[in-house]
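Here are a few notes to help you find your way around this one. Have a look at the picture first, then go through the points in order.

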Amino acid sequence: MVQNDYKYIIHNGSKDRSGAKEMFPMERAREARKFHRQIPGYGITPLRSMPELSNMLGVSGIYIKDEARRLVLNSFKVMGGSFAVKNLIEKKLGEKNLSWDYLRSGECRRRLGNFVVCSATDGNHGRGLAWVCQQLGYLCKIYVHSETSQPRIDAIKRYGASVTVNPGNYDDACRRAVKDAEENGWEVVSDTSWDGYTEIPTWIMQGYMTIMLEAQEQLAGVGVAKPTHVFVQAGVGALAAATVGFYSALFPNDPPKFIIVEPDKAPCVYESIKAGDGRCHSVKGSLDTIMAGLACGDPSPVAFDILNANADIFLTMPDYVAARGMRILSCPLKGDPFVISGESGAVPLGALFTLVHSIKNGTCDSELKKALDLNEDSNVFMINTEGNTDPIQFHRIIWDGSDPVPRKFSDMDIR
Ligand SMILES: Cc1ncc(COP(=O)(O)O)c(C=O)c1O
């Protein structure tokens, strides 16, 4: 029998929702959205419903929050960076509830003095942060790792940030950004946390709650009070923690099933869960996956605690699963909407497809099948976290067919 090449852990965490309730309260979600609404160009991103694909996969509904349409940025990341910059400025000035207009006012800039924002990125966080700083009129310094593609670097520079390419991987770029910030008196606005640096990454995760708040209202609009399954991708785990935290806080007694998806070449959250000691563990090496936004070797500890307590299943998936997700979305079944989705954006859908495929062809382990409990009443929620943020790579995959599904997994008869 063909062996599947994804890995999974069915996780019996504490299911203690108190950390989620504390970090992701509804008031904070409302505060984040109130702020985001003031950003010029803000609009609610679409929730894509895929009725035909749902039918094919034997579930009631698949709903995809399309963050490729977020502002002009092609990715969800700006929601975190913008909320963190606002909170940081408020803290520095000893104020609360500052408006977007005030943040960009000459008075605010004068009061702050030399305020320079700095971060490492694997692309999208840096792009979002650069855009926010440009809109508000502050300097921004971004650090990328040596494998970062030129289109990603150009997209950051386009918004006025200076970009430093640092040898090594994403985690090396993080260390360099912190060192340079210390030497120059810059403010590190990182989406990942570490010992002694948790406040700003928490604000970033809280900023992501606007996405879930919008989605909940959109789901209610189509008669879904609560998704039964949430598939969410993890790099350092901040988005996954925000999603899992939001739903755990909202439905503490009966939350959806949370399925966390990572690339098999950068499975830092998976490996940390596997270690089973409640601590973060690093994955070393080049982290060479097409899912650039998920190519992280160190989980964010504040995010990991939320995932460890609340999430149900941890998956690692090969690159072709993300590529297949991209192709399904860009060439949907007749009647379903067309969605532009990048490598990191499409892996949850690719994972769902792969799992259902393996259930239907009898290669899925029975314990995983039981834990997933996907059936005709399931309403699956996921986030397309990016569009074609690297257009060259996007065309390589969609047009030229790179990262194909291996022949042994390409039997498409899954009805
Ligand atoms: C497109 C995209 N999706 C998902 C993620 C994962 O987010 P996190 O690092 O918070 O897990 C990232 C991170 O950069 C990303 O760029």
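1. Let's start with one side chain. Keep in mind that this is a predicted model. Leaving aside residues up to four places away in sequence, Phe 314 touches Tyr 8, Ile 9, His 11, Ile 260, Val 269, Tyr 270 and Ile 273.

2. Now zoom out from there. Phe 314 is one of the residues with the most contacts inside the largest nonpolar core, and the others listed with it are Val 232, Ile 260, Val 261, Ala 303 and Leu 307. That core counts 135 residues. Where does the core lie relative to domain 1 and domain 2? It lies between them, because domain 1 (7–75 + 200–409) and domain 2 (78–190) both give residues to it.

3. Helix H13 deserves a stop. It runs over residues 301–310 and is mostly covered, with 10 of its 10 residues buried. Among those buried residues are Ala 303 and Leu 307, both of which also belong to the core residues with the most contacts. Which elements help cover H13? They include helix H1 (18–23), helix H10 (199–221), H11, strand S9 (257–263) and helix H12 (268–275).

4. On to the ligand. There are 22 residues around it, and Gly 235, Ala 238, Gly 293, Thr 385 and Glu 386 come nearest. Helix H7 (124–136), helix H11 (238–250) and helix H15 (343–360) are the elements that give two or more residues to this shell. H11 gives the most, with three residues; H11 is also among the elements covering the buried residues of H13.

5. What about the make-up of that shell? By class, it has seven nonpolar, 11 polar and four charged residues. As with the core, both domains take part: domain 1 and domain 2 each give residues to the shell around the ligand, so the shell lies between them.

6. Finally, two backbone oddities for you to check. Leu 71 has a positive phi of about 45° although it is not a glycine. Asn 74, another residue other than glycine, has a positive phi near 70°. Leu 71 sits in the loop between strand S3 (61–66) and helix H4 (78–93), and Asn 74 lies in the loop between S3 and H4 too.

7. Are those two loop residues buried or exposed? Leu 71 counts as buried because it has 22 C-beta neighbours inside 10 Å, where the cut-off is 20 or more. Asn 74 is buried as well, with 25 other C-beta atoms within 10 Å.

Notes: Residues are numbered from 1 along each chain as its sequence is written. This is a predicted model: local features need pLDDT of at least 70, side-chain atom pairs count only at pLDDT 80 or more; totals for chains, interfaces and linings use all residues. A nonpolar core is a set of buried Ala, Val, Leu, Ile, Met, Phe, Trp, Tyr and Cys residues joined through C-beta atoms within 7 Å. A residue is buried if 20 or more other C-beta atoms lie within 10 Å of its own, exposed if 12 or fewer, and partly exposed in between; C-beta atoms are placed from the backbone. Domain bounds come from an automatic or database domain assignment. Two residues are in contact if their C-beta atoms, placed from the backbone, lie within 7 Å. A residue is near a molecule or strand if its C-beta atom, placed from the backbone, lies within 6 Å of it. Helices (H or I, at least four residues) and strands (E, at least two) are DSSP runs, numbered from the N terminus. Ala, Val, Leu, Ile, Met, Phe, Trp, Tyr, Cys and Pro count as nonpolar, Asp, Glu, Lys and Arg as charged, and the others, Gly among them, as polar.
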